[in-house]
Amino acid sequence: MTTATPSPKGAASGGALALWLWSRLGDALDGPFRAVQRHVGAHRMAYVFLLPNLLVFGLFSFWPMILNFYIAFTGGQSVLLGERPFVGLENFRELLGCQSYLDPKTCPVAGFSFWTGVWNTLFFALVQVPVMVVVALLTALVLNRDIRGRGFWRAVYFYPVMLSPVVVAVIWDWVLKRRGILNEWLGDATDGWNALVPTIGFRLAAFALVGLLIHAAVMRIARRLPEARRTLAARIAAALGSITVVTFVLTPQALTLPDYRPINWLIDVRSGWPMFWVIFVYTWGHLGFYMLILLAGLQSIPKDLYEAAEMDGTSKGRQFWRITLPLLMPTMIVVLVLSLIRAFQVFDEVYVLTGGGPGQATKMLIQHIYESAFIGDAKRYGIAAASSVLVAGVLLVLTLLQLAATRKRAG
Amino acid sequence: MTTAWKGPGLLALGLTTSLFAATATPALAQTVNLRYLCYADANECDVARDLLDRFEKANPAIKVTVDKVGFAVIREQLETRLQGGEAPDMARVTNLGGLNKYYLDLRPHINAANWEANFATTLPWMRVGPNDKGIYGWMTQLTVTGPFVNKTMFDQTGVKMPGAGATWDDWAKALAEVQKKGKIYSGMALDRTGHRFAGIAISMGAKYFDAQGNPSAVVDDGFKATAERVVQWHKDGLMPPDIWPGASGAKWKNAGDMFINSDTAMHIAGSWMIQKFQSDIGNKFEWIVPPQPCGPAGCSAMPGGAAMVAFKSTKHPAEVAKVMEFMVSEPIIKEYYERTVQIPAHKAVAEKGLTYGKEVGEQTQAALKQFTADFAKISPVAHQLQAYQRNVAIFNATVNYVAQAITGPLTLQQAYPKIQEEIDNAVKK
């Protein structure tokens, strides 16, 4: 039944007019929905309201999942389903037919690429996720305090989250490539230091500083020595002073650094730098998101608990371990599982930053899927889809763990 | 209706009627829109656009949109678009045989005899099998792989540059000396593609095909000799880590910027880089194209190039053919090759010779001359490989696994069977 709505006549402001229009819209929709309700029953109306979202979800998420599952059991190179022969488990056999999963070299070529991606992704997740959670927690703890410019700092840490992953990677590529900003800075710093060392001012300053340090050390020791041995201490001090003079005044080249040779941060194969920077850049780009969740968790902890602890004389450290951490644990678990799931999906930043190289050192699972399907002459959609099914299985397990943990906490 | 409204009313009716009449006769007014997906090493798409402007003036009913994209789009996305029915009408491609099944045979709409006469060498590159007589496109460039050398570095370091007939090993030795004396980042940089690798390998004796013309034993002694050298040159620091080790899988990487920035004394690329080096290097240093280095089996380069091809999914085959005929008409194609500074693939144009513009310097002219001379020495194996439908699979497998032998996950002995396995997979499918 519709209720009488006052006319807009006499509406004092635009706000009142908007309210009136909103109300009229409600009236207009009321009729059709009442008719639907009569037809399906009140208890099913929730599904009617969910239907639009379900349609979108079904079309753009559920249907592609079904297609992917089907393609995982087909072969050939065509993207058209009708032209793809059913091959059963052949794609899975190629991926899983290794002599040893720990040594991807023993797999067929598709499995070699897949398992290389698996191990790299696992390593990435096992290192990156704890680092991310700890750093996000520390940042949230700092930004939860009543510091000056708190809002500004929160925005600063959250800002990278709003950037496209590709932009993040391109920015860091400028920093890290051989002719990039980091190498320029390190080169300039080395040159600057080497230019400073031979100057008389630097030598005098260094001489004074080291002299003072030796003097302070000798005096400290001398005070503990008996009177008779203090002369010996004075002689040792004089000898050390002489060495200092010789080292810093006559031989300044001792402090000169060798010419800086730019480091290939993203390419140096055996140094481990590429994986380090991949983890660093990814953490930098995503930190703000998890920090924000933890910050919300921290703010939901009642202040009176801390006040009571203060009154009992509990130290700050004990407050953290006994109040903050236990009460933050449900939020921490959400952050942990979310970041773990995201870590298994890592692709954009790494692909732009290193291309999966050097060699295959930073090749992740999703890159393997992307390259199997879209790169190269033989487009292996079946292998890519089968790999996706296997990854989906891992993600499903992680998601169920998250659900279980959340339910357990909720009691 | 009042009298005052009668005049405008009749006018509106008249206009509506005329509009209806105009739209009801599509042949008179409808414009055919064609799309040309184009990648460029230098100015190829811009020159094509300029020439197509003239075509559009002469044919107002046909509009051609030039979609300028990166090479990666052509290499990685075009085939998926073709399969999905989202293809352009024309594209500039390098995977000539690999995309054969999508090509439009232009013969019903063009002067086929003229095309056969002028593109006899390169038309087979777009065909598959002996029975395929289709005409699918024309070569926008004829390329020859080969090295570019920074002559200034040789002069400054006082190292004698190897001459004609010098082997790849002679060059490696000389370049190592230049690198050491000149404190240069690297001695030689090879583009990250199996196509560049193949030129060296064929000179080293690689056959790529068995007696039946199948790539059943690609990894032979010539191939291995090249792979061993490439791995060793990386270990010695002669080749930079930025290119082959600097990516994964079969990802393509061009070392041109390293040459331009004087980070290497030699860049192994090909004739398509001439225009870019001319414009980007300018007078910074003197560069030359030396005679092709040799191996025990000869001094072969790899031929290649990009073709402008038409796709059968087009709704306007006749109009596409008209564009193609225009582009290969002698004055137009001559101008295209001259302005893009390419080796001509059109026989008549090549015979008459090209007049490159004044902006084309002496070293560019010399480079073109050298590459043209190298073309004559190309091994039949190289031509066979270029014309092979699945050659990209061979190139990709090479770069994927040799790169892993350089970076360490595999030894060369472990890489060889994987190269063959990947090629077999591609051929089988």
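Which handedness does the crossing of α3(B) and α14(B) have? The crossing of these two helices is right-handed, where right-handed describes a near helix turned clockwise from the far one by less than a right angle, and left-handed one turned anticlockwise. This is a predicted model, in which local features need pLDDT of at least 70 and side-chain atom pairs count only at pLDDT 80 or more, while totals for chains, interfaces and linings use all residues. Residues are numbered from 1 along each chain as its sequence is written, and chains are lettered from A and ligands numbered from 1 in the order in which they are written.

**Chain B as a whole**

Let us start with the overall picture. Chain B holds 19 helices and 10 strands; helices (H or I, at least four residues) and strands (E, at least two) are DSSP runs, numbered from the N terminus. Its C-alpha atoms fill a box of roughly 100 × 50 × 40 Å along the principal axes. Of the 429 residues in chain B, 49% are buried, that is, they have 20 or more other C-beta atoms within 10 Å of their own, with C-beta atoms placed from the backbone (12 or fewer is exposed, in between is partly exposed). Among contacts in chain B with a separation of 6 or more, 76% join residues 24 or more positions apart; a contact means that the C-beta atoms, placed from the backbone, lie within 7 Å.

**Domains**

Domain bounds come from an automatic or database domain assignment. The table gives them with the separation of the domain centres, taken over C-alpha atoms.

| Chain | Domain 1 | Domain 2 | Separation of centres |
|---|---|---|---|
| Chain A | residues 113-177 + 272-410 | residues 198-255 | 50 Å |
| Chain B | residues 31-142 + 305-352 | residues 144-303 + 363-428 | 28 Å |

In chain B, the contact between the domains takes 15 residues from domain 1 and 21 residues from domain 2. The domain 1 side has six nonpolar, seven polar and two charged residues. Here Ala, Val, Leu, Ile, Met, Phe, Trp, Tyr, Cys and Pro count as nonpolar, Asp, Glu, Lys and Arg as charged, and the others, Gly among them, as polar.

**Where the chains meet**

The contact between the chains takes 33 residues from chain B and 28 residues from chain A. On the chain B side, α5 (78-83), α18 (391-407) and α19 (412-428) each supply at least two residues. That side divides into 10 nonpolar, 14 polar and nine charged residues.

**Two helix pairs**

Two packed helices are described by the angle between their axes and the distance between the axes. Axes are lines fitted to C-alpha atoms, for helices over the stretch in contact, and angles run from 0 to 180 degrees between N-to-C directions.

Back to our opening pair: α3 (residues 44-58) and α14 (residues 330-340) of chain B pack at about 150°, with axes 10 Å apart. α3(B) is therefore roughly antiparallel to α14(B) (over 145 degrees; under 35 is roughly parallel, 65 to 115 roughly perpendicular and the rest oblique). B:E44, B:V47 and B:L51 meet residues of α14(B) including B:I332 and B:R339. This contact has four nonpolar, one polar and three charged residues.

In chain A, the axes of α6 (residues 165-176) and α10 (residues 273-299) come within 10 Å and cross at roughly 135°, so α6(A) and α10(A) are oblique to each other. α6(A) passes α10(A) in a right-handed crossing. Among the residues that meet are A:W172 in α6(A) and A:W277 in α10(A). By class, the contact of α6(A) with α10(A) has seven nonpolar, one polar and no charged residues.

Note on methods
Contact = placed C-beta atoms within 7 Å.
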